[in-house]
Amino acid sequence: MKSKPLKVSEVNQYIKRVFAGDWLLSNMRVEGEISNFKHHYSGHMYFSLKDDRGKIKCVMFKNDNKYIDFDIKDGIKVVCTGYISIYEKEGDYQLYVKDIEENGIGNLFVAFEELKRKLEKEGLFDESSKKKLPFFPKKIGIVTSSTGAAIKDIITVIKRRFPVANIIIYPVLVQGEQAPEEICKGLKFLDEREDIDVIITGRGGGSIEELFAFNDEAVARTIFAMNTPVVSAVGHETDFTIADFVADLRAPTPSAAAEIVTPELDKLMEDLNNKCSKLCSNINYLLSNNSVKLSYIKRSLDFNNPVYQLREKVQELDNLFKRLNIIMEKRIEFSKGKLTNLFNNLNFLNPITSLNRGYSIILDKNENMITTIEGISKNDELKLLLKDGIINVKVINISKGEHYYDK
């Protein structure tokens, strides 16, 4: 007869009671190296303890970790005191840490620091060796696992931001003993192609041992020798690898790497339209401004044009001719008046005019006009000239100094 099956939750509860009833598991001290450490925003700490043969998950709640007096991070060796229990929801057993003591630095972390110092001394991290990323990558090479979340994130971001770019994927292992060799082959293969503009290599986050392939010296030297710019996208923002330091640019995540190597096409189009509008506005302004300047220049040319000058001189000549006519007419009128005055004066002085007024002129025998009694003698024969004729007279008497007036 078959027994009644247990529910999954019932199995997990049973195992949890077994763990709680074991005297060793309920209070134990465990020595190991910190790996994959995360300090949650809630204050709880999540990490793993590992040695060269195994690993165990650990959690240390906020109330237990608030008095820790040293910096917990990946690679350090510690001794944790706590109890083993099961997380019923996931069915995972883990060490619930109540106290933690520092116990030195892990071997992987020591190896990481030694390699970092060595390569830095050789100049593999120098900024002067970094290559500039292309602004418009036509083809992007990717060296990573074909099944991980990293490749999906990279492709999604590239297609969203810059869908005109082509993507070449070289699938490799990203952890394990064979991973460094495969990564080097993938990098070299893409670098030898002449159509690849930039290469992204990386993986999702993990513990220091899971990121081992990107702390490999051969991978670092391969990246440094590349002719194509390389962006390292290993882990999360707090995870650093040797590849990050050697690469031309380090991205905190694979998604961030895709954003770094690609411009945003929509924004480029918007910027292009704005610049085009600004260019058209500037051109219209220049055309308008230069049109005004050209108008001024044309006026200046017209003013200095010999034909225009001749026209101006013709008009000036017409004006001068009019002025000359006016002056001549005034001068003629003035001369006429003057001539009239002279004529009147001459006419007034004309002896004939005097004769017309009743006067007469006395002429001697030689027909010379006599204006005085000097030179006239008694019995001289004279001529008396009147307006209507001549009378011959004879001097009877001469009275000097006497005048006769008919009253």
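**Helix packing in the predicted model**

Helices H5 and H6 run roughly parallel to each other in this predicted model, because angles under 35 degrees count as roughly parallel and theirs is about 10 degrees. Their axes lie 9 Å apart. Helix H5 comprises residues 179–192, and helix H6 comprises residues 217–224. From H5, the contact draws on Pro180, Ile183, Cys184, Leu187 and Lys188. From H6, Ala218, Val219, Thr222 and Ile223 take part.

Thr222 belongs to helix H6. Is Thr222 buried or exposed? Its relative accessibility is 9%, so Thr222 counts as buried, the cut-off being under 20%. Leaving aside residues up to four places away in sequence, Thr222 touches Cys184, Leu187 and Lys188. These three residues are among those that H5 brings to its contact with H6. The side chain of Thr222 also has a polar atom 2.8 Å from the backbone oxygen of Ala218. Ala218 is itself one of the H6 residues that meet H5.

Helix H3 spans residues 107–122. With 16 residues at 1.5 Å a residue, H3 should span 22 Å; its end C-alpha atoms are 23 Å apart, so the two values agree. Buried positions in H3 are Phe109, Phe112, Leu115 and Leu119. These residues cover an arc of only 130 degrees around the axis, and therefore sit on the same side of H3. Asn107 and Lys121 are exposed on the other side. Just after the helix, Gly123 adopts a positive phi of about 90 degrees.

The loop between H3 and S6 contains Leu133. Contacts of Leu133, not counting residues up to four places away in sequence, are Val198, Pro229, Val231, Leu249, Ile260 and Val261. Val198 falls in strand S8 (198–203). Ile260 and Val261 fall in helix H8 (254–261). Leu133 and Lys267 are 134 residues apart along the chain, with their C-alpha atoms separated by 19 Å.

Helix H4 (residues 149–161) was examined in the same way. For its 13 residues, 1.5 Å a residue predicts a span of 18 Å, and the end C-alpha atoms are 18 Å apart, which agrees. Ala150, Ile151, Ile154, Val157, Ile158 and Arg161 are the buried residues of H4. Viewed down the helix axis, they fall within an arc of 135 degrees, so they line one face of H4. Ala149, Lys152 and Thr156 are exposed on the face turned away from that buried side. What do the buried residues of H4 pack against? Their partners are strands S6 (139–144), S7 (166–171) and S8 (198–203), together with helices H8 (254–261) and H9 (265–304).

Helix H9 also meets helix H10, which covers residues 306–349. The H9 and H10 axes come within 5 Å and cross at roughly 60 degrees. H9 is therefore oblique to H10. On the H9 side, Asp302, Phe303 and Asn304 make the contact. On the H10 side, Pro306, Tyr308 and Gln309 do so.

Arg323 lies further along, in helix H10. Its relative accessibility is 54%, so Arg323 counts as exposed. Arg323 and Leu268 are 55 residues apart in sequence. In space, 74 Å separates their C-alpha atoms.

Conventions: Residues numbered from 1 in each chain as written. Predicted model: local features only at pLDDT ≥ 70, side-chain atom pairs only at ≥ 80, totals over all residues. Heavy atoms only, no water. Helix = DSSP H or I, 4+ residues; strand = E, 2+ residues; numbered from the N terminus. Buried < 20%, exposed > 50% of the residue type's maximum accessible area, 1.4 Å probe, protein only. Polar contact = N/O pair within 3.5 Å; in protein donor to acceptor, adjacent residues only side chain to side chain. Contact = heavy atoms within 4.5 Å. Expected span 1.5 Å × (residues − 1). Arc of directions from axis to C-beta. Axes fitted to C-alpha atoms, helices over the stretch in contact; angles between N-to-C directions. Parallel < 35°, antiparallel > 145°, perpendicular 65-115°, else oblique.
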